[in-house]
Amino acid sequence: VPVPENMQQLGQDQSKAVPWLKLSSSDAPDGLPSDRSPVREIYRINTAGGSAPKTCDAMPATFEVQYAAEYWFWG
């Protein structure tokens with residue numbers, strides 16, 4: 001889910017916010033509902049920073065892009 005324009009927050013390194021996200025549980029492979037967890041949906045909202053740089057030129061072989069987010073877990 002794209003971040004609403006009025007909620008866009010840049011990270012400390014001025015990177016754009018990663019998209020908001022909704023994850024839903026799925027049925028088990030046998031088609032029966034999964035009872036392994038009481039959590040049915042996870043939302044990532046109010047993100048700040050975290051987008052990958054436009055280019056990896058001059059970057060070390062491994063690097064991190066920090067971000068902040070609020071996670072909601074629904075059962």
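## T47, tucked into a strand

Let's start with T47, which sits in strand β2, a stretch that covers residues 41–49. Keep in mind that this is a predicted model. Is T47 buried or exposed? It counts as buried, because its relative accessibility is 0%, and the cut-off for buried is anything under 20%.

So who are its neighbours? Leaving aside residues up to four places away in sequence, T47 touches V3, Q9, A17, V18, P19, W20, A68 and A69. One of these, V18, turns up again when you look at polar atoms: the side chain of T47 reaches the backbone oxygen of V18 at 2.7 Å.

## N46, with an unusual backbone angle

Now look at N46, which also lies in strand β2. Most residues other than glycine have a negative phi. N46 isn't a glycine, yet its phi is positive, at about 50 degrees.

How does N46 fare for accessibility? Its relative accessible area is 27%, so N46 is partly exposed. That label fits because partly exposed covers the range between under 20% and over 50%.

## A58, out in a loop

For another positive phi, head to A58. This residue isn't a glycine either, and its phi is near 70 degrees. Where is A58? You'll find it in the loop between β2 and β3, with β3 spanning 67–74.

Buried or exposed, then, for A58? A58 counts as exposed, because its relative accessibility is 85% and exposed means over 50%.

Methods. Residues numbered from 1 in each chain as written. Predicted model: local features only at pLDDT ≥ 70, side-chain atom pairs only at ≥ 80, totals over all residues. Heavy atoms only, no water. Helix = DSSP H or I, 4+ residues; strand = E, 2+ residues; numbered from the N terminus. Buried < 20%, exposed > 50% of the residue type's maximum accessible area, 1.4 Å probe, protein only. Polar contact = N/O pair within 3.5 Å; in protein donor to acceptor, adjacent residues only side chain to side chain. Contact = heavy atoms within 4.5 Å.
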